[in-house]
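Me: Got a minute to go through this one with me? I'd like to start with the ligand sites.

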Amino acid sequence: MIDVRNISKRYGSTVAVDGLSFTVRPGQVTGFLGPNGAGKSTTIRMMLGLDRPSAGEVLIDGRSYRSQVSPLRRVGALLEARSVHGGRSAYHHLLWLAQSNRIPRARVREVLTLVGLEGVSKRRVGGFSLGMVQRLGVAAALLGDPPVLLFDEPVNGLDPEGIRWIRDLMRGLAAEGRTVLVSSHLMSEMALTADHLVVIGRGRLLADSGVQEFVAEH
Ligand code: ADP
Ligand code: ADP
């Protein structure tokens, strides 16, 4: 479970997030909906300890991300700005991540198979299509077998097959009892993916309700 407690974030005179509170529960997909610039990425970065809130705190299963003993085993994330070392193979990229987080090397093969990259694991990541880079990002997020998963605009730029794949994957992770948060600026996408919606605009909470309820009211 993720507990966002009254967080705010200012960048100079820009208020990116403004007193936001909500919880994300296990066993369902929570859609994090808002127009571009609403503060979704900033909020997700604060969940991961990549940005420090100007006020408030985020607790993941009762602790901040930075105070988790093995963060990659607690929280997996697919962020928008993905940087992978293009010269490395997919296998070596994941092996490096596993080794720096004390995850058994056998798990690398498992996640490559889970995302369907086992056949291209020796190829340089620099030659990968966007869809393959996205699958590699998902493999990295799943590496530590974490109970909490965060996806920031995961379907942007993907073809219909890639979109369906990632949607089914997120639904499957929630069905296993994991806590899944996915951001999007598209209600149409959220209606197909999410059980619950947290809607923000200009850094503030606009709605926190079941998808059906939200659709009925809007
Ligand atoms: P979203 O993910 O919903 O599109 P963001 O969290 O990326 O929104 O951005 C929220 C606001 O914060 C925007 O006005 C954006 O320009 C601003 N912002 C985000 N990151 C930075 C940054 N590093 N420096 C300055 N402003 C930022
Ligand atoms: P087990 O039955 O011991 O969980 P599996 O071979 O089913 O082993 O899975 C290997 C690991 O991958 C397990 O830790 C499992 O939780 C995890 N796992 C299985 N399916 C998925 C999935 N769709 N997404 C993420 N992790 C998964």
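Me: How do the residues of the shell around ligand 2 divide into nonpolar, polar and charged?
Reply: This is a predicted model, to begin with. The shell around ligand 2 has three nonpolar residues, no polar ones and five charged ones.

Me: Which residues are around ligand 2?
Reply: They are R107, E110, L114, L142, D145, L173, E176 and R178.

Me: Where does the largest share of that shell come from?
Reply: From helix α4, residues 106-114. It supplies three residues.

Me: How far is an oxygen atom of ligand 2 from the side chain of D145?
Reply: 2.4 Å, taken to an N or O atom in the D145 side chain. R107 also has a polar side-chain atom 2.7 Å from an oxygen atom of ligand 2. For E176, a polar side-chain atom lies 3.4 Å from a nitrogen atom of the ligand.

Me: What percentage of ligand 2 does the protein bury?
Reply: 46% of the 530 Å² that ligand 2 exposes when taken alone.

Me: Switching sites. Which residues are around ligand 1?
Reply: Y11, T14 and A16, then P35, N36, G37, A38, G39, K40, S41 and T42.

Me: And by class?
Reply: Four nonpolar, six polar and one charged.

Me: Which element gives the most to the shell around ligand 1?
Reply: α1, with three residues. Both α1 (40-47) and β2 (14-24) supply at least two residues each.

Me: What lies 2.8 Å from an oxygen atom of ligand 1?
Reply: A polar side-chain atom of K40 does. So does a backbone N or O atom of S41. T42 puts a polar side-chain atom 2.6 Å from an oxygen atom of ligand 1.

Me: How much of ligand 1 is buried by the protein?
Reply: Taken alone, ligand 1 exposes 550 Å², and the protein buries 58% of that.

Me: New topic. Where is R66?
Reply: R66 sits in the loop between β4 (55-60) and α2 (71-74).

Me: Does R66 count as buried or exposed, and why?
Reply: R66 counts as exposed because its relative accessibility is 62%, and the cut-off for exposed is over 50%.

Me: What does the side chain of R66 reach?
Reply: The backbone oxygen of G49, at 2.7 Å.

Me: And how far is R66 from M47?
Reply: 9.5 Å in space, C-alpha to C-alpha. In sequence, R66 and M47 are 19 residues apart.

Terms used:
Residues numbered from 1 in each chain as written. Chains lettered and ligands numbered in written order. Predicted model: local features only at pLDDT ≥ 70, side-chain atom pairs only at ≥ 80, totals over all residues. Heavy atoms only, no water. Near = heavy atom within 4 Å. Polar contact = N/O pair within 3.5 Å; in protein donor to acceptor, adjacent residues only side chain to side chain. Areas by Shrake-Rupley, 256 points an atom, 1.4 Å probe, with all protein chains shown as cover. Helix = DSSP H or I, 4+ residues; strand = E, 2+ residues; numbered from the N terminus. Nonpolar A, V, L, I, M, F, W, Y, C, P; charged D, E, K, R; others polar. Buried < 20%, exposed > 50% of the residue type's maximum accessible area, 1.4 Å probe, protein only.
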